[in-house]
Amino acid sequence: MISTTRPTFAIERTKKSRIKDIDFNDLEFGKYISDHMLVADFVNNKWQVPKIVPFGDIPMSPAMLSLHYGQSVFEGMKAFRNKDNDICIFRPQKHSERLNKSLVRMCMPEIPEELFMQSVHAIVETERDWIPTSEGASLYIRPIVFAFEPRLRVKLSDHFKFIILTSPAGAYFSSPTRLKVEKTFVRAAEGGTGFAKCAGNYGGAFYPNQIARQEGFDQVLWTDAKEHKYIDEVGVMNIMFVIDGKLITPKLTSAILDGITRDSILKLAPALGMTVEEKRISIDEIEEGFKKGTLTEAFGTGTAAVVSPVASINIDGVEYKLSEPGPQSFQQRVKQKLNNIRLGFEPDVYGWNYIINV
Ligand code: COI
């Protein structure tokens, strides 16, 4: 969709841009934040008109409720310069929908889609010079909503902040990931907050991931909380397998994030001749696939991770290795297709791209 209206939020421009300090050929994910941010407050039961201000610290009370009781949710999406040099933001409406699902689960005020879209448009247009053009890089967009009221009582906040930061970013993983199937710790149980993009899901994952890292792995592969028998996700990305020539991924539950890259890949797969199956996947099935040689690919999918090859999966101490995916692998082909759509080299038949002509 091509944007027709231009947001008119007030912009206070920075007096000193930091853009010249950035090496756009060496963009470590999440290291650099662009010059401005968008800020809006929810007060008097209503989202107020956002403003764009220079990126910087915000005064806050140490009694701010989100610090104590964790009412904080976020999103992650990406903007690119396409082949015509227009700005393309990938599936912002879908991110708006998911943000609102997270907000509802955390008992926080939803952001109307129109306000969200205008906000994303406004900050990306303001920061257009920060959109990298090198291969694999993008402007990562990080909306965050958090409880701002200072109060120690366990209560719902009366004041929330909605902030959007942007960050020129390269690849999230620099090499194929080594995963360890986690059977001790739990990321999320059914009925919990696993499907929501709330801060606590990530905070609780640090410790098990740190242990995995000390053991030589990159990330844990989470299993279901009840039996540790079925695969859930990786935490910073969803997981997909090619088994017997079929694309297989865990069926969504309330414990799994409804990844937008996951959804995009499932929709693109048939056009690449790939049959898709979303189902409960047991660890036994994965192990059998490795032993029989029918499991030929495993990869993570996510906004930050895009399509990230898996190098190995450790199941109960046994390391199952995968060879690096070649150009004919499904994961490479689908990643290429996704990029082609975002950059305008292939038709956007699903209407995923939000285009700004500047
Ligand atoms: C994303 O893919 O956008 C994420 O939020 C994952 C991670 C960087 C937290």
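Here are a few exercises, with worked solutions, on the spaces and the ligand site in this predicted model.

**Exercise 1. Find which residues surround the ligand, and which polar contacts they make with its oxygen atoms.**

Solution.
- Start with the neighbours: F74, G76, Y140, R142, Y172, K197, Y202, V236, T303 and A304 sit around the ligand.
- Next, look for a side chain that reaches an oxygen atom of the ligand. K197 has a polar side-chain atom 2.8 Å from one.
- Now try the backbone. A304 places a backbone N or O atom 2.8 Å from a ligand oxygen, and for T303 the backbone distance is 3.4 Å.
- Finish with the cover: on its own the ligand has 280 Å² of accessible area, and the protein covers 91% of that.

**Exercise 2. Work out where the second largest pocket lies with respect to domain 1 (10-171) and domain 2 (177-325).**

Solution.
- Get the volume first: it's about 620 Å³ for the second largest pocket.
- Then check the lining. It has 31 residues, with F74, Y172, Y202, G235 and V236 closest to the centre of the pocket.
- Sort that lining by class and you get 14 nonpolar, 11 polar and six charged residues.
- Go on to the elements: α5 (206-214) gives the most, with three residues, while β8 (138-147), α4 (199-203), α6 and β15 (295-302) are among those that supply at least two each.
- Now place the pocket. Both domains give residues to its lining, so the second largest pocket lies between them.

**Exercise 3. Describe the largest pocket and name the element that gives the most to its lining.**

Solution.
- The volume here is about 970 Å³.
- Count the lining: there are 40 residues, and E135, G136, A137, K335 and N339 lie nearest the centre.
- By class, they split into 17 nonpolar, 15 polar and eight charged.
- β6, β16 (306-315) and α8 (330-343) each supply at least two, and α8 comes out on top with eight residues.
- As for domains, domain 1 (10-171) and domain 2 (177-325) each provide at least three residues of this lining.

**Exercise 4. Count the cavities of 30 Å³ or more and say what lines the largest.**

Solution.
- The count is one, and the volume of the largest cavity is about 60 Å³.
- Its lining is made of M77, K78, F90, H95, I260, T261, T303 and R342.
- Two elements, β6 (77-81) and α6 (260-268), give two or more residues each.
- Grouped by class, the lining has three nonpolar, three polar and two charged residues.
- One last step: T303 is in this lining, and T303 is also one of the residues around the ligand.

Technical notes: Residues numbered from 1 in each chain as written. Predicted model: local features only at pLDDT ≥ 70, side-chain atom pairs only at ≥ 80, totals over all residues. Heavy atoms only, no water. 1 Å grid on protein atoms, 1.4 Å probe; cavity = no way out; pocket = protein on both sides within 12 Å on 5 of 7 lines; lining within 4 Å. Points joined across faces, edges and corners; volume = space filled by probe spheres on them. Helix = DSSP H or I, 4+ residues; strand = E, 2+ residues; numbered from the N terminus. Nonpolar A, V, L, I, M, F, W, Y, C, P; charged D, E, K, R; others polar. Near = heavy atom within 4 Å. Polar contact = N/O pair within 3.5 Å; in protein donor to acceptor, adjacent residues only side chain to side chain. Areas by Shrake-Rupley, 256 points an atom, 1.4 Å probe, with all protein chains shown as cover. Domains from an automatic or database assignment.
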